[in-house]
Amino acid sequence: MYLEIVSPEATLFSGEVISVTVPGINGEFQMLANHAPIVSLLQEGVVKIQSNNVVIAEAYKTKFSKSATGAITLVISSGTVEMKDNKVIVLAD
């Protein structure tokens with residue numbers, strides 16, 4: 001599935017991923033390929049990306065880190081997520 005993470009400044013990440021886990025306002029949840037369409041508000045927490053080949057633009061590498069499980073992580077303060085037709089868009093603050 002395809003993931004885009006967009007902040008007010010720029011598109012921080014875009015690419016194919018295996019899964020993405022986000023901090024929803026009712027708890028953390030994960031989306032995989034062919035997930036049902038969803039729109040949700042996000043709260044402060046960590047977005048976790050599982051992918052075989054994550055490429056992050058040099059200008060934004062400092063915003064991301066790698067967890068002990070190998071996931072690429074991004075700390076956010078709030079946002080919105082939309083999943084539809086195997087495309088996930090995270091609007092993050």
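**Strands, loops and a few residues up close**

Biologist: How many helices and how many strands does the chain have?

Modeller: Keep in mind that this is a predicted model. Reading along the sequence, you just meet β-β-β-β-β-β-β-β-β-β. So the count for the chain is zero helices and 10 strands.

Biologist: What is the radius of gyration of the chain, and what does the globule rule give for 93 residues?

Modeller: Along its principal axes, the C-alpha trace spans about 30 × 25 × 25 Å. The chain is as compact as a globular protein of that length, because its radius of gyration is close to the value from the globule rule: 12 Å for the chain and 12 Å from the rule.

Biologist: What share of the 93 residues is buried?

Modeller: Here buried means under 20% relative accessible area. The chain exposes about 5300 Å², with carbon and sulfur atoms supplying 51% of that. As for the buried residues, their share is 39%.

Biologist: Among contacts with a separation of 6 or more, what part comes from residues 24 or more positions apart?

Modeller: A contact needs heavy atoms within 4.5 Å. Take the contacts in the chain with a separation of 6 or more, and the part from residues 24 or more positions apart is 55%.

Biologist: How far apart are the centres of the positive and negative side chains?

Modeller: Start with the two sets: there are 6 positive and 9 negative side chains. Each set has its own centre, and the distance between the two centres is 5 Å.

Biologist: Is Thr73 buried or exposed?

Modeller: Thr73 sits in strand E8, residues 72-76. Beyond its neighbours within four places in sequence, Thr73 contacts a list of residues including Val46, Val47, Lys48, Phe64 and Ser65. Its relative accessibility is 10%, and the cut-off is under 20%, so Thr73 is buried.

Biologist: And Glu28, is that one buried or exposed?

Modeller: Glu28 belongs to strand E4, residues 27-32. The relative accessibility of Glu28 is 51%, and the cut-off is over 50%, so Glu28 counts as exposed.

Biologist: Which residue's side chain makes a polar contact with the side chain of Glu28?

Modeller: Leaving out residues up to four places away in sequence, Glu28 touches Thr21, Val22, Pro23 and Lys48. The polar contact between side chains is 3.1 Å, and the partner of Glu28 in it is Lys48.

Biologist: How far is the C-alpha atom of Glu28 from that of Val47?

Modeller: Along the chain, Glu28 and Val47 are 19 residues apart. In space, their C-alpha atoms are separated by 9.2 Å.

Biologist: What is phi of Asn34 near?

Modeller: Most residues other than glycine have a negative phi. Asn34 lies in the loop between E4 and strand E5, and it is exposed at 65% relative accessible area. Its phi is positive, near 65°.

Biologist: What about Asp85, what is its phi?

Modeller: Asp85 is in the loop between strand E9 and strand E10. Asp85 counts as exposed, with 71% relative accessibility. Asp85 is not a glycine, yet its phi is positive, at about 50°.

Biologist: Which residue has its backbone oxygen 3.1 Å from a polar atom of the Ser51 side chain?

Modeller: Ser51 is in the loop between strand E6 and strand E7. A polar atom of its side chain lies 3.2 Å from the backbone nitrogen of Asn53. Not counting residues up to four places away, Ser51 touches Glu16, Val17 and Ile18. The backbone oxygen at 3.1 Å belongs to Glu16.

Technical notes:
Residues are numbered from 1 along each chain as its sequence is written. This is a predicted model: local features need pLDDT of at least 70, side-chain atom pairs count only at pLDDT 80 or more; totals for chains, interfaces and linings use all residues. Side-chain values use heavy atoms; hydrogens and water are left out. Helices (H or I, at least four residues) and strands (E, at least two) are DSSP runs, numbered from the N terminus. The radius of gyration is taken over C-alpha atoms; the globule rule is 2.2 Å times the number of residues to the power 0.38. Buried means under 20% relative accessible area, exposed over 50%, partly exposed in between (1.4 Å probe, protein chains only). Accessible areas come from the Shrake-Rupley method with a 1.4 Å probe; for residues, only the protein chains shown count as cover. Lys and Arg count as positive and Asp and Glu as negative; His and the chain ends are not counted. The place of a charge is taken as NZ of Lys, CZ of Arg, CG of Asp or CD of Glu. A polar contact is a pair of N or O atoms within 3.5 Å; within protein, one must be able to donate a hydrogen and the other to accept it, and residues adjacent in sequence count only if both atoms are side-chain atoms.
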